[in-house]
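Here is a short tour to read alongside the structure. Have the 3D view open and follow the topics in turn.

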Amino acid sequence: MRRKNAQSIGEILRDYFEDNTELYEKIMESRIRYAWRQLLGPMVTHYTRTIYVRDRILYVSLTSSVLRNELLLTKEKLKESINKEIGNAFLFDLVIR
């Protein structure tokens with residue numbers, strides 16, 4: 001006999017993490033770091049000094065000024081790509097230093 005309010009384990013975990021905002025933000029930060037490596041590849045990852053999320057804004061420090069300028073030109077598209085990769089419109093902005 002099936003229960004009427006049955007939920008999958010994924011739905012239960014998603015609800016739990018969305019209710020616990022601090023844990024949810026840490027998980028999203030981890031997914032964003034992984035998406036950064038996947039989308040931009042090993043060369044950009046090599047030039048990435050620090051990457052962190054604060055108040056839904058991604059801060060990235062790069063060691064190459066040429067790469068920094070190239071990424072600044074595609075900042076909006078890059079933000080959209082990361083949000084698409086993580087499956088959520090989590091990021092509001094992207095700051096490249």
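Let's begin with the sheet: three strands form an open sheet in the order β1-β2-β3, and the pairing is mixed. Its edge strands are β1 and β3, each of which pairs on one side only. On average, neighbouring strands of this sheet are turned by 15° against each other, direction ignored. Please keep in mind that this is a predicted model.

**How the strands pair**

- Strand β1 covers residues 48-54 and is joined to β2 by six bridges, the two strands running antiparallel.
- For a pair to pick out on screen, take Thr50, whose bridge partner in β2 is Ser61.
- On the other side, β2 is joined to strand β3 (residues 93-96) by four bridges, and here the strands run parallel.
- Two pairs let you trace this parallel pairing: Ile57 has Asp93 as its bridge partner in β3, and Leu58 has Leu94.

**Strand β2 and its surroundings**

- How many of the six residues of strand β2 are buried? Five of them are, so this strand, residues 57-62, is largely enclosed by the rest of the structure.
- Tyr59 is found in strand β2, and is it buried or exposed? Its relative accessibility is 17%, and because buried means under 20%, Tyr59 counts as buried.
- Leaving aside neighbours within four places in sequence, Tyr59 is in contact with Thr50, Ile51, Tyr52, Arg54, Val95 and Arg97.
- One of those contacts, Arg97, lies 38 residues from Tyr59 along the chain, yet the C-alpha atoms of the two are separated by 7.5 Å.

**The two faces of β3**

- Strand β3 has a covered face, made up of Leu94 and Ile96.
- Its uncovered face carries Asp93 and Val95.
- Both faces turn up again in contacts described here: Val95 touches Tyr59, while Leu94 touches Lys79.

**Helices against the sheet**

- Helix α2 lies across β1 and β2, and it runs at about 160° to β1.
- Helix α4 (residues 75-86) packs on the sheet and touches β2 and β3. The direction of α4 makes about 125° with that of β3.
- A residue worth clicking on in helix α4 is Lys79. Although it is a lysine, its relative accessibility is 14%; since the limit for buried is under 20%, Lys79 counts as buried.
- What does Lys79 touch, not counting residues up to four places away in sequence? The list is Leu91, Phe92, Asp93 and Leu94.

**The turn between β1 and β2**

- The hairpin of β1 and β2 has two residues between the strands.
- Asp55 lies in this loop, and its phi is near 55°, a positive value in a residue other than glycine.
- Arg56 lies in the loop between β1 and β2 as well, with a phi near 65°, again positive in a residue other than glycine.
- How do these loop residues fare for accessibility? Asp55 has a relative accessible area of 66%, and because exposed means over 50%, Asp55 is exposed.
- Arg56 stands at 27% relative accessibility, which lies between the limits of 20% and 50%, so Arg56 counts as partly exposed.

**The largest pocket**

- The largest pocket has a volume of about 160 Å³.
- Which elements give two or more residues to its lining? They are α1 (9-19) and α2 (21-47).
- Helix α2 supplies the largest share of the lining, four residues.
- To display the lining, select Arg14, Phe17, Glu18, Tyr24, Ile27, Met28, Arg31, Ile86, Gly87 and Asn88.
- By residue type, the lining divides into five nonpolar, two polar and three charged residues.
- Two of the elements met above can be revisited here: α2, which lies across β1 and β2, also gives residues to the pocket lining, and Ile86 of the lining falls within the 75-86 range of helix α4.

Notes:
Residues numbered from 1 in each chain as written. Predicted model: local features only at pLDDT ≥ 70, side-chain atom pairs only at ≥ 80, totals over all residues. Heavy atoms only, no water. 1 Å grid on protein atoms, 1.4 Å probe; cavity = no way out; pocket = protein on both sides within 12 Å on 5 of 7 lines; lining within 4 Å. Points joined across faces, edges and corners; volume = space filled by probe spheres on them. Nonpolar A, V, L, I, M, F, W, Y, C, P; charged D, E, K, R; others polar. Buried < 20%, exposed > 50% of the residue type's maximum accessible area, 1.4 Å probe, protein only. Pairing = 2+ DSSP bridges. Axes fitted to C-alpha atoms, helices over the stretch in contact; angles between N-to-C directions. Contact = heavy atoms within 4.5 Å.
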